[in-house]
Amino acid sequence: MGIFRLQSIVANAKQLIKRQDVPKGYLAVYVGEVQRKRFVVPLSYLEQPVFQDLLRRSEEEFGFNHPMGGLTIPCREEAFVHLTAQLRIS
């Protein structure tokens, strides 16, 4: 992912944070293929290549128009939970 594209995603994420009731240093994301579940994740995830890949896929599917009011990540909830568990370990 290019630095400009990552900066664009981070800037968009910061705008979404301002609209959400989430603790400072965290980001609300909505995960799921059909039904979406809200997760609050640390902003540090934005630095992780695997999380960046999820954001890239989300951008391809949704652009920056996220109907839920937070970043929407179109993957299975179980896959997201597994991925974030791995990020917490490392």
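The paragraphs below lead through a predicted model, beginning with its confidence and moving on to its sheet and a helix that lies across that sheet.

Across the chain the pLDDT averages 78, and 69% of the residues score at least 70. Confidence is not even along the chain, since its lowest mean, 63, belongs to helix 1 (residues 3-19), whereas its highest, 92, belongs to strand 2. Where pLDDT is low, the predicted coordinates should not be read in detail.

The sheet itself is open and is built from three strands in the order 2-1-3, with mixed pairing. Its edges are formed by strand 2 (37-42) and strand 3 (71-73), each of which pairs on one side only, and from one strand to the next the twist averages 35°. As background, strands of a sheet pair through backbone hydrogen bonds, either parallel or antiparallel.

Strand 1 (residues 26-31) and strand 2 run antiparallel and are joined by six bridges. Two positions show how these strands are matched: Val-29 stands opposite Phe-39 in strand 2, while Tyr-30 has Arg-38 of strand 2 as its bridge partner. Strand 1 and strand 2 together form a hairpin, with five residues between them, and in the turn Gly-32 has a positive phi of about 150°.

With the sheet in view, the reader can turn to helix 3 (residues 77-89), which lies across strand 1, strand 2 and strand 3. Relative to strand 2, the edge strand in which the chain's confidence is highest, helix 3 runs at about 15°.

Technical notes:
Residues numbered from 1 in each chain as written. Predicted model: local features only at pLDDT ≥ 70, side-chain atom pairs only at ≥ 80, totals over all residues. Heavy atoms only, no water. Pairing = 2+ DSSP bridges. Helix = DSSP H or I, 4+ residues; strand = E, 2+ residues; numbered from the N terminus. Axes fitted to C-alpha atoms, helices over the stretch in contact; angles between N-to-C directions. Contact = heavy atoms within 4.5 Å. pLDDT = per-residue confidence, 0-100.
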